[in-house]
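Reader: Before we turn to particular places, I would like to hear how each descriptive term is justified. Could we take the terms one by one?

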Amino acid sequence: MVKRVGTTFPKNSEYGKYEIHIFNSLVKQVENKFKDKSNLVINTTWFGPQFDNIQWQKALSFTNNFDNLFLLSVIDPLYLQNEDLDILLEKYKVKNVYKIGMFEDSIYEWNFHALIGNNVMPKYSEQEVLLQDPKYVYMLYQRKPRYHRIEITEILRQRNLLQNGIVTLGGPDPETKWEGHHKDWEVLKIEDYPENYLGAGDAKDAFGGVPDDLATVGRLDLWRSHFLNISSETVFDEWDPLLVTEKMWKPMIGFRPFLVHGNPRTYKWLRDRGFRTFNKYWKHIDAETLGAHDTVWQVIEFLKTQDLSKMYIDMLPDLRYNKERFYEFSLEQEYKMENIFAD
């Protein structure tokens with residue numbers, strides 16, 4: 001027996017149609033693998049008592065106990081707090097908890113965003129994305145104004161480094177309660193049209209008109225003009241669970257060295273999965289232990305003194321390798337999603 005709880009992204013969005021399929025697939029796999037057990041499957045997108053979508057109430061409404069609880073994290077980090085999980089475990093006398101999907105500490109981990117990168121993102125040719133002229137040292141695309149994004153933008157402004165890069169930063173969205181709202185910050189955007197991009201279903205004019213771009217590298221003329229891609233991830237602090245999203249896969253697909261503006265464990269996570277990182281080119285700056293804010297501005301200042309065209313040519317074998325490895329990795333993730341309990 002399987003009971004299911006949870007909402008998904010809208011089915012007409014690029015994320016939603018995949019998430020719905022993955023949710024349904026997990027339920028079927030649980031039915032086949034644990035058919036003699038009582039099972040509760042929860043899709044954790046916007047799940048918890050803090051969300052006004054009745055899913056938390058539904059999760060507490062069952063009258064039977066459950067042998068197994070399956071937490072499915074497809075797109076976002078797990079919003080469910082430990083104390084709330086304890087409530088479920090105690091109420092239903094759960095014997096086993098299975099974490100499926102975007103959990104770095106689970107044997108059932110896989111990366112949904114790599115699937116999107118392969119199935120939705122354009123298949124750019126090498127000539128479309130190769131560096132042509134390093135007019136800009138770096139690119140830092142940021143949409144939702146989280147604390148760490150406001151902070152790094154202000155640091156770059158104070159150090160007079162905004163002029164060396166292509167930087168965006170979204171503004172307040174009246175439909176949501178964003179943590180940066182109590183601060184004053186300048187919305188930064190480029191001249192472009194949001195309808196050119198593939199989003200998750202958010203309003204096109206939300207966050208000050210910064211495009212909701214999940215599955216392209218943006219304007220190709222700008223892409224070809226920047227050297228270093230800075231991936232400002234959704235989850236920033238190193239004590240939080242690791243989350244690797246489409247922001248990390250774009251430089252792989254687009255032949256760019258990258259910095260992680262987020263959890264420094266991401267570098268090891270990538271190497272453990274067969275990818276190559278680029279911190280050896282600025283090894284005097286310890287990107288894996290230094291705070292992410294300090295890493296970003298110090299690497300930019302260092303790169304301002306370098307021959308970027310020459311460095312890029314030296315990096316090309318690793319850049320080509322990463323792109324090839326990305327497509328292999330994506331297929332591996334798809335197999336894992338469809339064969340979660342395979343021996």
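Author: Contact here means heavy atoms within 4.5 Å, and the model to which this is applied is a predicted one. By that criterion N164 touches Y136, V137, Y138 and K304, leaving aside residues up to four places away in sequence.

Reader: Why is N164 called buried?

Author: Buried means under 20% relative accessible area, and N164, which lies in the loop between α6 and β6, has 16% relative accessibility, so N164 counts as buried.

Reader: What makes α8 and α11 oblique to each other?

Author: Helix α8 (residues 246–253) and helix α11 (residues 308–338) pack at an angle of about 130°, with their axes 8 Å apart. Angles over 145 degrees count as roughly antiparallel and those from 65 to 115 as roughly perpendicular, and because about 130° belongs to neither range, the two helices are oblique to each other. In this packing W249, M252 and I253 of α8 meet L319, N322, K323, F326, Y327 and F329 of α11; by class, the contact has seven nonpolar residues, one polar and one charged.

Reader: Why does F255 count as buried, and why does I54 count as exposed?

Author: F255, in the loop between α8 and β8, has 4% relative accessibility, which is under the 20% cut-off, and therefore counts as buried. I54, in the loop between β2 and α2, has 57%, which is over the 50% required, and therefore counts as exposed. Phi is positive in F255, at about 55°, and in I54, near 65°, although F255 is not a glycine and neither is I54.

Notes: Residues numbered from 1 in each chain as written. Predicted model: local features only at pLDDT ≥ 70, side-chain atom pairs only at ≥ 80, totals over all residues. Heavy atoms only, no water. Helix = DSSP H or I, 4+ residues; strand = E, 2+ residues; numbered from the N terminus. Buried < 20%, exposed > 50% of the residue type's maximum accessible area, 1.4 Å probe, protein only. Axes fitted to C-alpha atoms, helices over the stretch in contact; angles between N-to-C directions. Parallel < 35°, antiparallel > 145°, perpendicular 65-115°, else oblique. Nonpolar A, V, L, I, M, F, W, Y, C, P; charged D, E, K, R; others polar.
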